[in-house]
Amino acid sequence: KVAIKGIERELICPACKELFTHPLILPCQHNVCHKCVKEILFAFEDSFADGGSESSNQSSPRIRISASSMDRIDRINRSGRKRNSLTPRSTLFPCPGCQRDIDLGERGINGLFRNFTLETIVERYRQAARAAIAIMCDFCKPPPQESTKSCMDCSASYCNECFKIHHPWGTVKAQHEYVGPTTNFRPKILMCPEHEMERVNMYCEICRRPVCHLCKLGGGHANHRVTTMSTAYKTLKEKLSKDIEYLISKESQVKAHITQLDLLLKETECNSERAKQEASQSFEKLYHVLEEKKSAALRAIETSKNIRLEKLQTQVEEYQGLLENNGLVGYAQEVLKETDPSCFVQTAKQLHVRIQKATESLKSFRPAAETTFEDFVVNTAKQEDILGDLSFHSSGLEIPEINEEQSRMYNKALICWECPGKTDSADIYVLEYHKLNREDETVTWQKTEVCGKSKVLSDLDDDSNYAFRVRGYKGSICSPWSREVILRTPPAPVFSFLFDDKCGYNNEHLQLNPRRTSVESRAGFPLLLGSERLQVGCYTTLDYIIGDTGIAKGKHFWAFHVEAYSYLVKVGVVPSNKIQKLFHNTHDVTSPRYEQDSGHDSGSEDAFFDSSQPCTLVTLGMKKFFIPATPAAPKDPASRILPLPSCLGICLDCDTGRVGFYDAGRMKCLYECEVDCSGIMYPAFALMGGAAVHLEEAVTAKYREYHDDI
């Protein structure tokens, strides 16, 4: 006998928020009404046609699809799924119970089992809730009698008389199974939804669902571990019984937890009210400060206005005195009527000075005060930015730090960050960045929200510095901003190419990886045999390899890594008209011990070296970068040897005829020279001894996820 009271919450569909009607079991083990599943799938299909518009959410007044479910539908739409595909595709279903996208397989809703056990429990609950409402006989003539039993084989309810008539003694129908009056008729045998004529007789332990023997023989469960239905029934029933007994034995502990949770509810209410009061007080302080600043600004403007009006009014009165028979002019006219010379002279001297000033003011008229109030404009840009960042700061959220070693600036910008405690306590991160420009006085940060700990940014300007900062959010609480990190973009657009495995490629000495992004020189028997034939001197031949794509015009940049163990590597560019000479020049390079970059030889050797080389190259090796000996280079050989950067870059400008060699990690130019760009230019590399070169991979939207998987 099932205790019905208090289990209503377990019998409510998470989609329609009503009692289950023909519930289906999803692969995530949640239950949803059959009708709700169809309505959600219809809304999902409609979202493909109208782009996930809000109108698709109004397909049924019965179901209420949450905003998060619609967001997931929109996300699935953006992922590129197409309808009416000729190839089999699986059906994704946004489960309203666990808020996850569930794969229903190719059969979709037809591959789901109906939960008859839950359906029976719901029916018992309904009967207990409507005990006063009787189930009437389906076969009585009007008026129908109250039914006394229901036949599970006939799926109908009968009164005593009708049951005897339709199930006569001694017939097959007399053997039918009957129960008390009910409206829930479940099949006596559970059939497989994939093979409708087969009954389920096994249980798949991998998928946790009943299957038939055809599913095991050649269906989707062929390689899965299965057990007999009776064994699964016994095992699961024992586990469930033990768990229920354990929970019942811990009833006192559960009640104690409920009491504790009730206290926590009250404490949460009190703490939230206290937090509201503190937040209100903080904003009241800001209001008070703003009101004071506002009053002070208005008083200053009012004072300045009064002073200016007084000056202008005085000036008006002075000019009115210059009118005839008025003011100063009228007074002067009266003075002119004086006939006594001594009295006239005594008064006229001072009056003449005033008349002269009035005359000069007429010649150069200028208002006594400015009418504009440009000096009283309040600039609140910085304060607005600060107020825009106003949020709840918590010491519990760690301040993220941008990892400059993992961050990359190439064809796109890859910004990576991490928390010092190595814990992901934030739900979401906000990355802000802006271009550093001395001309702009105001800084406008561009903002993007990130769910992970890395972000790929595109459309950044070349040869520019950018500042980056990041902060974490957990709900409405945020961490302080991280330290600002300044990174520089490449000096030109990134040029993509692969190593050429045809033109001059020596597969005896060089080895390419399958993707043609890495080349390695084999310091093996061929090199030893070649060196064995040399009896004098130190000259030997480099093994050259070029890029498979050339450059005819414009400015381009590419980057690569040279392994630290590399003995000798040369990198640069070669014109198309000198490629043949490059691969047939047998005495083109000396060893690093005596080559011209080392500074051990004379300037005459430099001249011979420059004139004999078919391409522009710089020397790398033994963890060093050698600046070529040119008239502009430092005379001290030691100052021309730099540490080898972890990543090198080359910038070729065909329009100006210059090539630069960069520390690609900092985008700093190490050496630049002129180059003849009359032909098509190709990236060139040369290796000798044990050495390896790896081309820098382009940053893509999935770059971080790809490397994390590796």
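The following questions and answers concern the cores, strands and one annotated region of a predicted model.

User: Which conventions apply to the numbering and to the values?
Analyst: Residues are numbered from 1 along each chain as its sequence is written, and side-chain values use heavy atoms, with hydrogens and water left out. Because this is a predicted model, local features need pLDDT of at least 70 and side-chain atom pairs count only at pLDDT 80 or more, whereas totals for chains, interfaces and linings use all residues.

User: Which strand gives the largest share of the largest nonpolar core?
Analyst: A nonpolar core is a set of buried Ala, Val, Leu, Ile, Met, Phe, Trp, Tyr and Cys residues joined through side-chain atoms within 4.5 Å, where buried means under 20% relative accessible area, exposed over 50% and partly exposed in between (1.4 Å probe, protein chains only). The largest such core has 49 residues, and Trp558, Phe560, Leu652 and Phe685 have the most contacts inside it. Its largest share, 5 residues, comes from strand S25 (residues 555-562), strands being DSSP runs of E with at least two residues, and helices runs of H or I with at least four, numbered from the N terminus.

User: Is proline 575 buried or exposed?
Analyst: Proline 575 belongs to strand S26 (residues 568-575), and its C-alpha lies 7.0 Å from that of cysteine 615, although the two are 40 residues apart in sequence. With a relative accessible area of 7%, proline 575 is buried.

User: Which strands stand at the edges of the open sheet S24-S33-S26-S27-S28-S29?
Analyst: The pairing in this sheet of 6 strands is antiparallel, two strands being paired if DSSP finds at least two bridges between them. Each edge strand has a single partner, so one side of each is left without a neighbour in the sheet, and these edges are S24 (543-546) and S29 (641-643).

User: Which residue in S19 is the bridge partner of glutamate 432?
Analyst: Strand S19 (residues 465-474) is mostly covered, with 7 of its 10 residues buried. S19 pairs with strand S16 (residues 428-435) in the antiparallel sense over 8 bridges. Within S19, the bridge partner of glutamate 432 is arginine 469.

User: How far apart are the end C-alpha atoms of residues 258-285?
Analyst: An unreviewed UniProt entry places the feature "coiled-coil region" at residues 258-285; UniProt positions follow the numbering used here, feature names are shortened, and annotations may be inferred rather than shown by experiment. In the model, this stretch is 100% helix and 0% strand, and its end C-alpha atoms are separated by 40 Å.
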